[in-house]
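Work through the exercises below with the sequence and the model at hand. Try each task before reading its solution.

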Amino acid sequence: MRRTIPSEYIESYPDLLSCFQGGTNHREREEYRKFLYRAIKTQLTQRQTQIVIMHYFQGMNITEIADELHINKSTVSRTIDRALNRLTDLARLYFNLKK
């Protein structure tokens, strides 16, 4: 699987940006977007990256992803949860955010 995310997707992180609290100005949001772009490409497992791209960037729902990958819906859901938890933990470290 390719680990590249086309750069035009860097602007479409609304659901992923919600894991950050308080950063509302444009500069902070842009920094969050760039962080997420790098983190998704380099810090998630191959499966997590694949499912995150399918769900958040291609707009597929959990059932569609499960059917496409021939896995259980619960596996897709758990994978998304783990990926978001990983991204949140990384963001807290990177941006020195509090829980």
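**Exercise 1: two helices**

H3 and H5 are roughly perpendicular to each other (65 to 115 degrees), as their angle shows. The model is predicted, with pLDDT of at least 70 needed for local features and 80 or more for side-chain atom pairs, while totals for chains, interfaces and linings use all residues. Residues are numbered from 1 along each chain as its sequence is written, and side-chain values use heavy atoms, without hydrogens and water.

Task: find the angle at which H3 and H5 pack, and the residues that make the contact.

Solution. Step 1: the angle is about 100°, and the axes, lines fitted to C-alpha atoms over the stretch in contact, lie 9 Å apart. Angles run from 0 to 180 degrees between N-to-C directions. Step 2: contact means heavy atoms within 4.5 Å. H3 contributes Arg47, Gln48, Ile51, Val52, His55 and Tyr56; H5 contributes Val76, Thr79, Ile80, Arg82, Ala83 and Leu84.

**Exercise 2: the core**

Task: state which elements give two or more residues to the largest nonpolar core.

Solution. Step 1: such a core is a set of buried Ala, Val, Leu, Ile, Met, Phe, Trp, Tyr and Cys residues joined through side-chain atoms within 4.5 Å; buried means under 20% relative accessible area (1.4 Å probe, protein chains only). Step 2: the largest one has 23 residues, and Phe35, Val52 and Ile65 have the most contacts inside it. Step 3: the elements are the helices (DSSP runs of H or I, at least four residues, numbered from the N terminus) H2 (26-42), H3 (46-57), H4 (62-69) and H5 (73-95). H5 gives the largest share, 7 residues.

How values were computed: Buried < 20%, exposed > 50% of the residue type's maximum accessible area, 1.4 Å probe, protein only. Parallel < 35°, antiparallel > 145°, perpendicular 65-115°, else oblique.
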